[in-house]
Amino acid sequence: MDGFVTVNGHKVHYVEYGSGKPVFNIHGYEVDHRMMTGALEPIFERREGYRRIYVDLPGFGQTPGVGLSSTDDWLSLLDGVIDALIGREEKFLLTGQSYGCYLMLGLIALRGAQIDGTLFLVPCTIAKRAPRQLPVKAVVEEDHEFSKEMAPEDYKLLTRWSCVVNKTTWRIFARDMKPGIDIQDVDYVCWIEKNGYESAGEKDFLTIQHSAPSCWITARQDHYVGFKDAFRFMDNFDRATYVCMDAAGHNVHFEKEEIFRLLVEDWLYRVGHVQPFVYDRDFVVYPTNP
């Protein structure tokens, strides 16, 4: 289903697949919902019982940005979209990519008790570029026979985003990411980046505590958001799997496609099957007198 929901006079575009437990999916900067559908639908479409909702953020895809002057406005808008589509009682899952993860942290702060699981893909946790701990940009793998055949502008675009260059990474990038990049409202999103990119709530992100099953997928060669800053949240999400993959970057979901699939499947299994833990606070690992 392809539709719009209106929140305080602002139209938000979304696409929806399936029925059952809601899963809200938030893409990152420059792309649109197709980035997330390309990453997740091959996994979800083989499963029943999930209502997948993919939104276009303001200025991306078919959601206009007019009248919204900060990402806190975006956060309020997303909060309203969730209210409009499922209300404030039904439990749901939440996934995001890059800056979508930044907005996820804001949503967890607002309605964490309603969220049964979280998936963070190459998470941005610090808005401003300078404080981020970033690796040096690198191409870690390249099919030179294929790249010689690429148009120079396509090669430049792929290597700007990805550190693995081959036929597969270009096919997926051209299908799922380039269309969103091409239609973004560049003037608007660049203005937001300069004037309203940092949430007023960022200072409190590290106070968030959330015990639903979670998965944080990072990449060692991710020159956009890095990986080190995400690991600051390990104690905040005490049911989280944390992964940092080598020889992968900001497009780790298709640079390491099979591992990504396994991680998402494990996350869904933990959401659906693993019961709340029973802790033995009196257990002594190495007793003095065994």
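This report describes the sheet, a packed helix, the salt bridges, a surface patch and two backbone outliers of a predicted model.

## The sheet

The model has an open sheet of 8 strands. Their order is S1-S2-S4-S3-S5-S6-S9-S10, and the pairing is mixed. Strand S1 (2-7) and strand S10 (240-245) are the edge strands. Each of these two pairs on one side only. From one strand to the next, the twist averages 20 degrees.

Helix H1 (residues 33-44) packs on this sheet. H1 touches strand S2 (10-17), strand S3 (21-26), strand S4 (50-55), strand S5 (92-97) and S6. The direction of H1 makes about 165 degrees with that of S4.

## Strand S5 and its neighbours

S5 sits between S3 and S6 in the strand order. S3 and S5 run parallel and pair over 4 bridges. On the other flank, 6 bridges join S5 to S6, and this pair is parallel too. Leu93 takes part on both sides. Its bridge partner in S3 is Val23, and in S6 it stands opposite Gly117.

S5 is largely enclosed by the rest of the structure, because 6 of its 6 residues are buried. In a regular strand, side chains alternate between the two faces of the sheet. Phe92, Leu94 and Gly96 point one way from S5. Leu93, Thr95 and Gln97 point the other way. Both sets are buried.

## From S6 to S9

Strand S6 (residues 115-121) also pairs with strand S9 (residues 214-219). The sense is parallel, and the pairing extends over 4 bridges. Within this pair, Thr118 of S6 stands opposite Ser214 in S9.

## Salt bridges in helix H10

Side chains of opposite charge can pair when their charged atoms come close. The structure holds 20 salt bridges. Two of them lie within helix H10 (residues 257-273).

One joins Arg261 to Glu265, with the closest N and O atoms 2.8 Å apart. These residues are 4 apart in H10, about one turn of the helix. Arg261 is partly exposed, with a relative accessible area of 21%. Glu265 is buried, at 17%. The 20% cut-off falls between these values, so the two residues get separate labels. Both also belong to a network of salt bridges that links Arg46, Arg47, Glu258, Arg261 and Glu265.

The other joins Arg270 to Asp266. Here the closest N and O atoms are 3.0 Å apart. The spacing in H10 is again 4 residues, about one turn of the helix. Arg270 counts as buried, at 11% relative accessibility. Asp266 is partly exposed, with a relative accessible area of 32%. In this pair the arginine is buried and the acid is partly exposed. In the Arg261 pair the arginine is partly exposed and the acid is buried.

## The Arg88 and Asp79 pair

Arg88 forms a salt bridge with Asp79. The closest N and O atoms are 3.8 Å apart. This value falls within the 4 Å limit for a salt bridge, so the pair counts as one. Arg88 is partly exposed, at 43% relative accessibility. Asp79 is buried, with a relative accessible area of 14%.

## A nonpolar surface patch

Tyr269, Val274, Phe277 and Tyr279 form a nonpolar patch on the surface. Together they have about 400 Å² of accessible area. Tyr269 is found in helix H10. At 45% relative accessibility, Tyr269 counts as partly exposed.

## Positive phi in two loops

Most residues other than glycine have a negative phi. Asn8 has a positive phi of about 50 degrees. This residue lies in the loop between S1 and S2. Asn8 is exposed, at 71% relative accessibility.

Ala247 also has a positive phi, near 60 degrees. Its place is the loop between S10 and helix H9 (252-255). Ala247 is partly exposed, with a relative accessible area of 26%. Each of the two loops borders an edge strand: S1 for Asn8 and S10 for Ala247.

Methods: Residues numbered from 1 in each chain as written. Predicted model: local features only at pLDDT ≥ 70, side-chain atom pairs only at ≥ 80, totals over all residues. Heavy atoms only, no water. Pairing = 2+ DSSP bridges. Axes fitted to C-alpha atoms, helices over the stretch in contact; angles between N-to-C directions. Contact = heavy atoms within 4.5 Å. Patch = residues over 30% accessible without salt bridge, like charges linked within 9 Å, V, L, I, M, F, W, Y side chains within 5 Å. Areas by Shrake-Rupley, 256 points an atom, 1.4 Å probe, with all protein chains shown as cover. Salt bridge = Lys/Arg side-chain N within 4 Å of Asp/Glu carboxyl O. Buried < 20%, exposed > 50% of the residue type's maximum accessible area, 1.4 Å probe, protein only.
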